[in-house]
Amino acid sequence: MPLKRRRFRKESLRLTDRGKVGTQPQKGKQTGERRRGREMEEAEGVVKHVVLAKFKEEMTDDQIDQLIKGYADLVNHVEPMKSFHWGKDVSAENMHQGFTHVFESTFESTKGVAEYVAHPAHVDFANKFLASTEKVVVIDYKPTTVRS
């Protein structure tokens, strides 16, 4: 089933006087979101580190399982890493572009992510992990909630 294209009005983000991020129409245009008073609030003290991976075809399920256990074990060795979750693609949309696994780690700050990236346990693990993958995407973000 083909996806429908949607048109969105151009908006820029602004920081409100209460430290929240809200949308503001460009050049005086008013949008439905603005009229209804919606604001966006960035979570404080939370940064998500997301990794999408496609493992090499020669990797066995047991080898992948061992890598996942090694990834999960980093929580015990890297203090800024607060939690770890993972899963396999289950989407019916078939838009995964070959990525089969997703890994999500939680940190309290971008500084914590930087400490994690430089930590010797992570560096050692990352070298093994990257050698086992065909392609990888990494994204760090601060979760943002839309308030009505």
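**Notebook: salt bridges, two helices and a patch**

I started at E41, which is partly exposed, with a relative accessible area of 27%. This is a predicted model, so everything I note here was computed from it.

**Entry 1: the partner of E41**

I looked for what E41 pairs with and found R147: the two form a salt bridge, and their closest N and O atoms are 2.8 Å apart. R147 sits in strand β8 (residues 144–147) and E41 in strand β3 (residues 39–42), so this pair ties together parts that lie 106 residues apart in sequence. I checked R147 for exposure too, and at 42% relative accessibility R147 counts as partly exposed. My reminder to self: side chains of opposite charge can pair when their charged atoms come close.

**Entry 2: other salt bridges**

How many salt bridges does the structure hold? I get five. I looked up two more of them.

One of them joins K54 and E134, with 3.3 Å between the closest N and O atoms. K54 is in strand β4 and E134 in strand β7, so the pair ties together parts 80 residues apart in sequence. For K54 I noted 23% relative accessibility, which counts as partly exposed. E134 has 48%, and that also counts as partly exposed; the cut-off for exposed is over 50%.

Another joins E79 and K82, whose closest N and O atoms are 3.0 Å apart. Here E79 has 59% relative accessibility and counts as exposed, whereas K82, at 36%, counts as partly exposed.

**Entry 3: helix α3**

Next I went to α3, which spans residues 110–118. Which of its residues are buried? I found G112, V113 and Y116. Looking down the axis of α3, I see these buried residues fall within an arc of 100 degrees, so they line one face of the helix. That fits the general rule I keep on the inside cover: an α-helix has 3.6 residues a turn, so residues three or four places apart point the same way.

On the other side of α3 I found T110, K111 and A118 exposed. Then I asked what covers the buried residues of α3. The cover includes β4 (47–55), α2 (61–73) and β6 (101–107), along with α4 (120–131) and β7 (133–141).

**Entry 4: helix α4**

Since α4 turned up in the cover of α3, I looked at α4 next. It has twelve residues and reaches 17 Å from its first C-alpha to its last, close to the 16 Å expected at 1.5 Å a residue.

The buried residues I found in α4 are H122, F125, A126 and F129. They cover an arc of only 105 degrees around the axis, which puts them on the same side of α4. The face turned away from that buried side carries the exposed residues P120 and N127.

What do the buried residues of α4 pack against? I listed β4, α2, β6, α3 and β7. So I now have α4 among the cover of α3, and α3 among the partners of α4.

**Entry 5: a nonpolar patch**

Last, I looked at the surface around β7. V137, I139 and Y141 make a nonpolar surface patch of about 240 Å². I placed V137 in strand β7, and at 31% relative accessibility V137 counts as partly exposed. I also have β7 in my earlier notes, as the strand that holds E134 and as one of the elements that the buried residues of α4 pack against.

Methods
Residues are numbered from 1 along each chain as its sequence is written. This is a predicted model: local features need pLDDT of at least 70, side-chain atom pairs count only at pLDDT 80 or more; totals for chains, interfaces and linings use all residues. Side-chain values use heavy atoms; hydrogens and water are left out. Buried means under 20% relative accessible area, exposed over 50%, partly exposed in between (1.4 Å probe, protein chains only). Helices (H or I, at least four residues) and strands (E, at least two) are DSSP runs, numbered from the N terminus. The arc is that of the directions from the helix axis to the C-beta atoms. Contact means heavy atoms within 4.5 Å. A salt bridge is a side-chain nitrogen of Lys or Arg within 4 Å of a carboxyl oxygen of Asp or Glu. Patches are made of residues with over 30% relative accessible area and no salt bridge: like charges are joined within 9 Å, nonpolar side chains (Val, Leu, Ile, Met, Phe, Trp, Tyr) within 5 Å. Accessible areas come from the Shrake-Rupley method with a 1.4 Å probe; for residues, only the protein chains shown count as cover. The expected span of a helix is 1.5 Å times one less than its number of residues.
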